[in-house]
Amino acid sequence: MKIWKQLIRSEAFLYLVFGVLTSVVSLLTRTLVYAYLSQALWASIIGNIVGILFAFVTNDRWVFKQTPKGWPKRLINFIGARLVTLALDSLLAYLFVDQFPGIIGQFVDQNLQLVNLIETVIAQVLIIILNYLLSKLFVFKDKRERPAS
């Protein structure tokens with residue numbers, strides 16, 4: 001039971017839980033905006049913005065337990081870190097789907113749909129890890145003091 005409590009209180013576990021919730025919030029927002037506006041681009045942009053803001057608040061408050069002071073600087077750094085992983089995502093898609101699909105395609109009979117799917121899954125795993133590391137090392141560095149027990 002002690003191990004279970006440690007697991008659900010761990011930073012990595014909380015990061016994963018709130019990451020899933022961020023995906024749900026982003027997806028729901030995107031779906032609702034599209035239903036209202038019938039504009040896929042705006043739905044995507046607004047869904048991403050809401051998802052990033054939700055991720056920042058949950059990471060700042062519950063995952064990395066930051067002090068309230070300094071949150072605007074952390075938000076700017078957080079957005080910057082997300083732009084870095086967006087660039088990585090775009091680069092990987094360009095390289096492995098558009099430019100050199102045969103690298104992955106050789107394993108899936110050159111099926112471009114599967115190449116894109118495999119590249120997306122690989123990229124998302126790398127992005128989750130990189131987002132966590134960037135958040136931990138460069139964004140959320142000011143932990144709240146723990147009360148004396």
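# Exercises on a predicted helical model

Phe 138 is exposed, with a relative accessible area of 52%. The model behind this value is predicted.

**Exercise 1. Place Phe 138 in its element and in its surface patch.**

Solution.
- Step 1. Classify the residue. Exposed requires over 50% relative accessible area. Phe 138 has 52%, so it counts as exposed.
- Step 2. Find the element. Phe 138 belongs to helix 6.
- Step 3. Find the patch. Phe 138 joins Leu 114, Leu 117, Val 121, Val 125, Ile 129, Leu 133 and Leu 137 in a nonpolar surface patch. The patch covers about 730 Å².

**Exercise 2. Compare the span of helix 2 with its expected span, then say what follows the helix.**

Solution.
- Step 1. Take the limits. Helix 2 runs over residues 11-37, which is 27 residues.
- Step 2. Take the span. From first C-alpha to last, helix 2 reaches 38 Å.
- Step 3. Compare. At 1.5 Å a residue, 39 Å is expected, and the span of helix 2 is close to that.
- Step 4. Look past the end. Ser 38 follows helix 2, and its phi is positive, near 55°.

**Exercise 3. List the buried residues of helix 2 and find their packing partners.**

Solution.
- Step 1. List them. Glu 11, Leu 14, Tyr 15, Phe 18, Thr 22, Ser 26, Thr 29 and Val 33 are buried.
- Step 2. Find the partners. These buried residues pack against helix 1 (2-9), helix 3 (40-63), helix 4 (71-99) and helix 6 (112-139).
- Step 3. Check Ser 26. Its relative accessibility is 18%, so Ser 26 counts as buried.
- Step 4. Trace its contacts. Beyond four places in sequence, Ser 26 meets Gly 47, Asn 48 and Gly 51. Of helix 3, Gly 47 and Gly 51 appear among the buried residues.

**Exercise 4. Describe the largest nonpolar core and the surroundings of Tyr 15.**

Solution.
- Step 1. Size the core. The largest nonpolar core holds 14 residues.
- Step 2. Name its best-connected members. Tyr 15, Phe 56, Val 63, Phe 64, Phe 78, Val 139 and Phe 140 have the most contacts inside it.
- Step 3. Assign elements. Helix 2, helix 3, helix 4 and helix 6 each give two or more residues to this core.
- Step 4. Zoom in on Tyr 15. Residues up to four places away aside, Tyr 15 touches Asn 59, Val 63, Phe 64, Arg 82, Ile 128, Asn 131 and Tyr 132.

**Exercise 5. How many salt bridges are there, and which parts do they link?**

Solution.
- Step 1. Count. There are two salt bridges.
- Step 2. Take Glu 11 and Lys 136. Their closest N and O atoms are 2.8 Å apart. Glu 11 is in helix 2 and Lys 136 in helix 6, so this pair ties together parts 125 residues apart in sequence.
- Step 3. Judge exposure. Glu 11 is buried at 14% relative accessibility. Lys 136 is partly exposed, at 35%.
- Step 4. Take Asp 60 and Arg 74. Their side chains meet at 2.6 Å, N to O. Asp 60 is in helix 3 and Arg 74 in helix 4, 14 residues apart.
- Step 5. Judge exposure again. Asp 60 is buried, at 10%. Arg 74 is buried too, at 2%.

**Exercise 6. Which helices does the buried side of helix 3 meet, and what follows helix 3?**

Solution.
- Step 1. Select buried residues. Among them are Ala 43, Ser 44, Ala 55, Phe 56, Thr 58 and Asn 59.
- Step 2. Find the partners. The buried residues of helix 3 pack against helix 2 and helix 4.
- Step 3. Look past the end. Lys 65 follows helix 3, with a positive phi near 45°.

Definitions and conventions
Residues numbered from 1 in each chain as written. Predicted model: local features only at pLDDT ≥ 70, side-chain atom pairs only at ≥ 80, totals over all residues. Heavy atoms only, no water. Helix = DSSP H or I, 4+ residues; strand = E, 2+ residues; numbered from the N terminus. Expected span 1.5 Å × (residues − 1). Buried < 20%, exposed > 50% of the residue type's maximum accessible area, 1.4 Å probe, protein only. Contact = heavy atoms within 4.5 Å. Core = buried A, V, L, I, M, F, W, Y, C linked by side-chain atoms within 4.5 Å. Salt bridge = Lys/Arg side-chain N within 4 Å of Asp/Glu carboxyl O. Patch = residues over 30% accessible without salt bridge, like charges linked within 9 Å, V, L, I, M, F, W, Y side chains within 5 Å. Areas by Shrake-Rupley, 256 points an atom, 1.4 Å probe, with all protein chains shown as cover.
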